[in-house]
Amino acid sequence: MPTKRVTLISGNWKMNHNHFEAIQCIQKLGYLLKDTLKEHGQALEVTVHPPFTDIRSVQTSLESDNIRIGLGAQNCNAEPKGAFTGEVSAPMLAKLNVQYVIVGHSERRELFGETDEVVNAKVKAVLASAMTPILCVGETLAERDAGETGSKVAGQVLAGLDGVTAEQVASMVVAYEPIWAIGTGKVATSDEAQQVCGDHVRAVLAEKFGTEVAQAVRIQYGGSVKADNIAELMAKPDIDGALVGGASLDPDDFAALVQGAVGS
């Protein structure tokens, strides 16, 4: 029987919403999802990942209104402090009660030149501050067309977790985000997503860290996920949630997506 893992739906706001808009968004989202979160209890987690300028405002709203939505960040620096103008460290995020940090998103890799080594250092920094990394992996369209999806994804998984203990890995989240599907409207079919999540993420984790650890890791799919395709994706045994971009910016759209993911 497949392992039952907690569903995790994460909204990555990217560079959208000033802090006034963020407060309005999270308050409406909390209202729309109140019954869904109550109904599904500990079997469902929802997180939002605002820009750094919004995090304190969102934290205050979540805590003052007792909204059961987790607070996340989109990135962090691997160093705990220092002369790194414009950067934000993991310990700073932890002090704001951030629970999850996205690490190695394809936009960070492709636009800002983050290497596997940089991503690995950030994974370790997030873990050292007692937060959960969401490690992003995924291939380009050229790599997909060349039949290199498996090697690319497996390589990113192993490189991102180099030097991380099995116990730490078991608590983590891996997000498979095919780069060709991010913001394009194109979506991997549910069978394609399942094959990568099962064969090139979970199976690779099992080989490296053992079956028990691999079964504990939650794997999200990301890439043009919307309310009308989430249920089919979530029906697959190795897809435990979604990392959502554009559809998370509107509370109505995101709430419908979350509800679609859990069938409510």
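1. Let's start with N12, which sits in strand β1 (residues 7-12) of this predicted model. N12 counts as buried because its relative accessibility is 5%, under the 20% cut-off for that label. Its side chain reaches the backbone nitrogen of K14 at 3.1 Å. If you have the structure open, that pair is a handy place to begin.

2. Which residues does N12 touch beyond four places in sequence? They are H49, Q74, I102, H105, L243, V244, G245 and S248. One of these contacts, S248, is 236 residues from N12 along the sequence, yet the two C-alpha atoms are 6.7 Å apart in space. So when you look at strand β1, please keep the 243 to 245 stretch and S248 in view as well, as N12 touches L243, V244, G245 and S248.

3. Q74, one of the contacts of N12, lies in the loop between β3 (70-73) and α3 (90-94). Is Q74 buried or exposed? Q74 is buried, because its relative accessible area of 19% falls under the 20% cut-off. The side chain of Q74 reaches two backbone oxygens: that of H49 at 2.9 Å and that of P50 at 3.3 Å. Setting aside neighbours within four places in sequence, Q74 is in contact with N12, W13, K14, H49, P50, P51 and I102.

4. Q74 also turns up in the largest pocket, which has a volume of about 460 Å³. Of the 18 residues lining this pocket, F52, Q74, N75, R108 and F112 are the closest to its centre. Helix α4 (residues 106-112) gives the largest share of the lining, with four residues. By class, the lining has eight nonpolar, six polar and four charged residues.

5. How many cavities of 30 Å³ or more does a search of the whole structure find? The search finds one, and the volume of the largest cavity is about 40 Å³. The residues around it are G104, H105, S106, R109, C136, V137, G138, Q156, E177 and I179. Helix α4 and strand β5 (132-137) each supply at least two residues of that lining. By class, the cavity lining divides into three nonpolar, five polar and two charged residues. H105, listed here in the cavity lining, is also touched by N12.

6. T140 is found in the loop between β5 and α6 (141-145). T140 is buried because its relative accessible area is 19%, under the 20% cut-off. Not counting residues up to four places away in sequence, T140 touches E110, I179 and W180. Of these, I179 also appears in the lining of the largest cavity.

7. Now for the cysteines, which may interest you if you are thinking about sulfur chemistry. A disulfide is a covalent bond between the sulfur atoms of two cysteines. A search of the whole structure finds zero disulfides. Why is C76 unpaired with C136? The closest cysteine sulfur to that of C76 is in C136, and at 12 Å it is too far for a bond. C197 is in no disulfide either, and its nearest cysteine sulfur, again that of C136, is 12 Å away. C76 is buried, with a relative accessible area of 1%, and C197 counts as buried at 0% relative accessibility.

8. In helix α2 (residues 55-64), the buried residues are I55, S57, V58, Q59, S61 and L62. What covers them includes α1 (19-40), β2 (44-49), β3 and α3. Just after α2, N66 takes a positive phi of about 50 degrees, so do have a look at the backbone there.

9. Lastly, F254 lies in helix α12 (residues 251-262) and counts as buried because its relative accessibility is 0%. Leaving out residues up to four places away in sequence, F254 touches I9, S10, G11, L29, V46, T47, V48, V244, A247 and S248. Two of these, V244 and S248, are also touched by N12. The C-alpha atoms of F254 and L33 are separated by 9.4 Å, although the two residues are 221 places apart along the chain.

Methods:
Residues numbered from 1 in each chain as written. Predicted model: local features only at pLDDT ≥ 70, side-chain atom pairs only at ≥ 80, totals over all residues. Heavy atoms only, no water. 1 Å grid on protein atoms, 1.4 Å probe; cavity = no way out; pocket = protein on both sides within 12 Å on 5 of 7 lines; lining within 4 Å. Points joined across faces, edges and corners; volume = space filled by probe spheres on them. Nonpolar A, V, L, I, M, F, W, Y, C, P; charged D, E, K, R; others polar. Buried < 20%, exposed > 50% of the residue type's maximum accessible area, 1.4 Å probe, protein only. Contact = heavy atoms within 4.5 Å. Polar contact = N/O pair within 3.5 Å; in protein donor to acceptor, adjacent residues only side chain to side chain. Disulfide = S-S within 2.5 Å.
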